[in-house]
Amino acid sequence: MNIIQKTTPNFRVGRSGYKPELIVLHIMAGSLLGTDNWFSNPISQVSSNYGVGFTGEIHQYVKDEDTAWAQGRVDNPTFRLYKPGINPNLYCLSIEHEGQDLSKGPEAQIKATVELIKSLASKWNIPIDRDHIIGHYQIGAYKPNCPAIDKTIIDRIVKEASGSVVVLDKAEIKEQIKRLLDLI
């Protein structure tokens with residue numbers, strides 16, 4: 001897995017004694033190049049640990065050991081491992097995804113995300129389950145479609161990353177082909 005390093009001034013060195021315990025999936029609501037540019041701008045005051053493009057290209061903006069500014073404000077959190085009074089950026093790794101809706105992402109992007117999650121989970125001893133791999137919407141109710149309108153894409157990614165076999169039926173295969181054609 002090739003990870004391209006990108007720079008951002010928008011992070012805090014270290015994690016204030018915390019370590020990565022969860023992985024949060026996000027959507028860029030734009031392009032990988034646009035996100036690279038936005039994260040490199042100090043005015044944006046936002047960043048992420050990683051970004052995954054449509055082609056499966058992976059960018060790293062903030063080292064795992066440092067705190068990215070990705071989770072936004074906590075608003076009615078629904079994830080089980082929430083630590084009240086602790087900024088989730090301190091104990092979460094963040095992965096942004098090119099596009100508007102990860103459930104419509106191409107297979108190359110999904111496969112790269114699966115591989116990145118497997119690598120990060122191994123490195124940081126993070127269990128690969130829905131308690132530890134969450135959507136941004138579970139942190140901030142104001143982001144109901146981040147990373148996707150169809151939340152089952154997160155379940156699929158978790159299943160694939162955990163090594164579970166994912167079998168697509170004929171309708172799902174047709175839907176994947178339609179999504180790819182829509183991107184052309």
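Author: In this text, helices (H or I, at least four residues) and strands (E, at least two) are DSSP runs, numbered from the N terminus. The model discussed is a predicted one.

Reader: Where does N125 lie, and is N125 buried or exposed?
Author: N125 sits in the loop between α2 and β8. Its phi is near 55°, a positive value in a residue other than glycine. Exposed means over 50% relative accessible area. N125 has a relative accessibility of 65%, so it counts as exposed.

Reader: Which residue in the loop between β2 and β3 has a phi near 50°?
Author: The loop in question runs between β2 (11-12) and β3. The residue has a positive phi although it is not glycine, and it is partly exposed, with a relative accessible area of 48%. It is S16.

Reader: In what order do the strands of the open sheet stand?
Author: The sheet is built from 6 strands, and their pairing is mixed. From one strand to the next, the twist averages 25°. The order is β1-β5-β4-β7-β3-β8.

Reader: Which strands stand at the edges of the sheet?
Author: Strands of a sheet pair through backbone hydrogen bonds, either parallel or antiparallel. An edge strand here has a single partner strand, so one side of it is left without a neighbour in the sheet. The strands in that position are β1 (3-5) and β8 (133-135).

Reader: Over how many bridges does β3 pair with β7?
Author: Strand β3 covers residues 22-25, and strand β7 covers residues 92-97. Among the facing residues, L22 has C92 as its bridge partner, and I23 stands opposite L93. The two strands pair in the parallel sense, and the number of bridges is 4.

Reader: Which residue in β8 stands opposite I23?
Author: β3 also pairs with β8, in the parallel sense over 3 bridges. I23 belongs to β3, where it is buried. Its opposite residue in β8 is I133.

Reader: Which residues of β3 are buried on the side that I23 shares?
Author: Both faces of β3 are covered. L22 and V24 are buried on one side. On the other side, I23 is buried together with L25.

Reader: Which residues does Q60 contact, leaving aside its neighbours within four places in sequence?
Author: Q60 is part of strand β5 (residues 58-60). Buried means under 20% relative accessible area, and Q60 has 10%, so Q60 is buried. Its C-alpha atom is 9.7 Å from that of T8, although the two residues are 52 residues apart along the chain. The residues in contact with Q60 are I3, I4, Q5, K6, N49 and Y50.

Reader: Why are α2 and α3 described by the orientation they have, and what is that orientation?
Author: Helix α2 spans residues 107-124, and helix α3 spans residues 152-161. They pack at an angle of about 55°, with axes 9 Å apart, and their crossing is right-handed. Angles from 65 to 115 degrees count as roughly perpendicular and those under 35 as roughly parallel. The orientation of α2 to α3 is therefore oblique.

Reader: How do the residues of the contact of α2 with α3 divide into nonpolar, polar and charged?
Author: On the α2 side, the contact is made by E107, I110, K111, T113, V114, I117 and K118. On the α3 side, it is made by I153, R156, I157, E160 and A161. The contact divides into 6 nonpolar, 1 polar and 5 charged.

Reader: Which residues of α3 are buried?
Author: α3 is mostly covered, with 7 of its 10 residues buried. Just after the helix, G163 takes a positive phi of about 95°. The buried residues of α3 are I153, I154, R156, I157, V158, E160 and A161.

Reader: Which two residues are joined by a cis peptide bond?
Author: The bond has an omega of about 15°. P147, one of the two residues, is placed in the loop between β8 and α3. The pair is C146 and P147.

Reader: What distance separates the C-alpha atoms of N37 and C92?
Author: N37 lies in helix α1 (residues 32-39) and is partly exposed, with a relative accessible area of 48%. C92 is the bridge partner of L22 in β7. N37 and C92 are 55 residues apart along the chain, and their C-alpha atoms are separated by 23 Å.

Technical notes
Residues are numbered from 1 along each chain as its sequence is written. This is a predicted model: local features need pLDDT of at least 70, side-chain atom pairs count only at pLDDT 80 or more; totals for chains, interfaces and linings use all residues. Side-chain values use heavy atoms; hydrogens and water are left out. Two strands pair if DSSP finds at least two bridges between them. Axes are lines fitted to C-alpha atoms, for helices over the stretch in contact, and angles run from 0 to 180 degrees between N-to-C directions. Angles under 35 degrees count as roughly parallel, over 145 as roughly antiparallel, 65 to 115 as roughly perpendicular and the rest as oblique. A crossing is left-handed if the near helix is turned anticlockwise from the far one by less than a right angle, and right-handed if clockwise. Contact means heavy atoms within 4.5 Å. Ala, Val, Leu, Ile, Met, Phe, Trp, Tyr, Cys and Pro count as nonpolar, Asp, Glu, Lys and Arg as charged, and the others, Gly among them, as polar. Buried means under 20% relative accessible area, exposed over 50%, partly exposed in between (1.4 Å probe, protein chains only).
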